[in-house]
Amino acid sequence: MKKVMKILGLVLGSVVLLLAGFCAYVAAVGVPIYDPPAIPKTTVAVTPSRVVRGEVIAQIQCMSCHTDKDKHLTGKYLAEVPALFGKLYSKNITQDKEKGIGNWTDGELIYFLRTGIRRDGSYAAIMPQYPNMADEDLQSVVAWLRSDRFPVQASKQEPQSSELSFVSKLLTHTLMKPLPYPQSFIPQPDSNDLVALGKYTADAIGDCYSCHSGDLVDQDKVHTTKTKGYYGGGIEMVGEGGQKVITANLTFDEETGIARKYTREQFIRAVKSGVRPDGSILKYPMEPKIVLSDREVGAIYDYLKTVPKIKNDIAKKNAELQLVEK
Ligand code: HEC
Ligand code: HEC
């Protein structure tokens, strides 16, 4: 018996030592650096129609995180991220060659937006990746970044550096990994198939699932439907003035699903204008998606109808939160 205890003690001791060693390692190296990737050699033609489409995508993605007070994409503090992850800042992605991305090639931008890896192998863990965006749409984003539009014009504003918490660093050694570069062409969805258009708009363009699922980190970004608590909501985010805001359950669950309580028209209005049918305003960080077409947002509604229902009572969680905060 004594012998067994001794062995157990030794095993436990080594596990603790190993864990402590791993934590010290993580604290020391920070975010891991990968091998510099093979960057695709491609040049994106900047056409007027691509710039227009790129701007739509940029308005619901890039601009919400990268636009500073001066309306240029010079980077800003990401206040909605819970403090647990550290103090996070986005970067200057204007056309400035020194402070911005004026020196990046089109291939480097495309590789980065797909995988999260820069040309030197460094990994931007906090920046979302776009593994399922159609090739044409991704090229439109690049065309917009290269265009003469105001927000992307060169600015020398120095971006602030993020201070990642230990938790964030630990996550970049465990759950958060760069994504593989897609091996084949990614087509646009069939625009006659509303459910397919809705899934594409919600998951590949709007990134709705990443806020409206079960966990901010534990997500399957390539096979989005496998994400934990897919569209069941319940993530606690930081809203205006530091108050907690819980993301909505967008499944069509009979009791707790939110989308079910909306007609298709009301859903389109709410998502595009940020106002619920009862007149109440959707709280930050749920931002109105004015630039999406009625057809695209209606298609999201049609798609959400097909998503497996999840019972998750957000109204109850919100009520509990208010009790705690009072
Ligand atoms: C949720 C917020 C968020 C969104 C949305 C977002 N970014 Fe970022 N982006 C960041 C953060 C944060 C960083 C810095 C990441 C790091 O250094 O780890 C970053 C970094 C970058 C970089 C690297 C810049 C450099 O100097 O290293 C590029 C390029 C970039 N973003 C482009 C884009 C484009 C284009 C879009 C829209 C398709 C976009 N981002 C959408 C938050 C965001
Ligand atoms: C940055 C995170 C984030 C993203 C991205 C996001 N949402 Fe939200 N959404 C929220 C939060 C937080 C709430 C809750 C707001 C509140 O309580 O007032 C919300 C609420 C909603 C509601 C209202 C539900 C209700 O309570 O009546 C709808 C509808 C909705 N989102 C749809 C969408 C759609 C569609 C997309 C993608 C186009 C999307 N959201 C993207 C965070 C997000």
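Is R264 buried, partly exposed or exposed? In this predicted model, R264 has a relative accessible area of 28% and is therefore partly exposed. Its salt-bridge partner is D302, with 2.9 Å between the closest N and O atoms. The two residues sit 38 positions apart in sequence, R264 in helix α9 and D302 in helix α10, and the contact links these distant parts of the chain. D302, at a relative accessible area of 16%, falls under the 20% cut-off and so is buried.

Two iron sites come next. At ligand 1, the iron atom is coordinated by NE2 of H66 and SD of M127, at 2.1 Å. Six donor atoms surround this iron atom, and the arrangement is octahedral because the angles they subtend run from 84 to 179°. H66 belongs to helix α3 (residues 62-66), whereas M127 lies in the loop between α4 and α5, so the pair ties together parts that are 61 residues apart in sequence. Both H66 and M127 are buried.

The iron atom of ligand 2 has H212 (NE2) and M286 (SD) as its protein donors, at distances of 2.1 to 2.2 Å. Here the six donor atoms subtend angles of 87 to 180°, which again makes the arrangement octahedral. For six octahedral donors, the ideal angles are 90 or 180 degrees. H212 is in helix α8 and M286 is in the loop between α9 and α10, 74 residues apart. With a relative accessible area of 12%, H212 is buried, while M286, at 26%, is partly exposed.

Helix α5 (135-145) is mostly covered, with eight of its eleven residues buried. Among them are D137, V141 and W144. The buried residues of this helix pack against α2, α3, α4 and α7. One of them, D137, forms a salt bridge with R53, in which the closest N and O atoms are 2.9 Å apart. This pair joins helix α5 to helix α2 across 84 residues of sequence. D137 counts as buried because its relative accessibility is 2%; R53, at 21%, counts as partly exposed.

Helix α2 also contributes E55, which meets R149 in a salt bridge (3.3 Å, N to O). R149 is found in the loop between α5 and β2, 94 residues from E55, and counts as partly exposed at 27% relative accessibility. Across the whole structure, 18 salt bridges were found. A salt-bridge network links D96, E98, K99, K156 and E158.

Finally, I7, V11, V15 and L19 make a nonpolar surface patch of about 350 Å². I7 is part of helix α1, which spans residues 2-29.

Terms used. Residues are numbered from 1 along each chain as its sequence is written. Chains are lettered from A and ligands numbered from 1 in the order in which they are written. This is a predicted model: local features need pLDDT of at least 70, side-chain atom pairs count only at pLDDT 80 or more; totals for chains, interfaces and linings use all residues. Side-chain values use heavy atoms; hydrogens and water are left out. Patches are made of residues with over 30% relative accessible area and no salt bridge: like charges are joined within 9 Å, nonpolar side chains (Val, Leu, Ile, Met, Phe, Trp, Tyr) within 5 Å. Accessible areas come from the Shrake-Rupley method with a 1.4 Å probe; for residues, only the protein chains shown count as cover. A salt bridge is a side-chain nitrogen of Lys or Arg within 4 Å of a carboxyl oxygen of Asp or Glu. Helices (H or I, at least four residues) and strands (E, at least two) are DSSP runs, numbered from the N terminus. Donors are N, O and S atoms within 2.8 Å of the metal (3.2 Å for Na, K and Ca); water is not among the atoms, so sites may look incomplete. Four donors count as tetrahedral if all angles lie between 85 and 135 degrees; four count as square planar and six as octahedral if opposite donors are over 155 degrees apart and all others between 65 and 115; anything else is irregular. Buried means under 20% relative accessible area, exposed over 50%, partly exposed in between (1.4 Å probe, protein chains only). Contact means heavy atoms within 4.5 Å.
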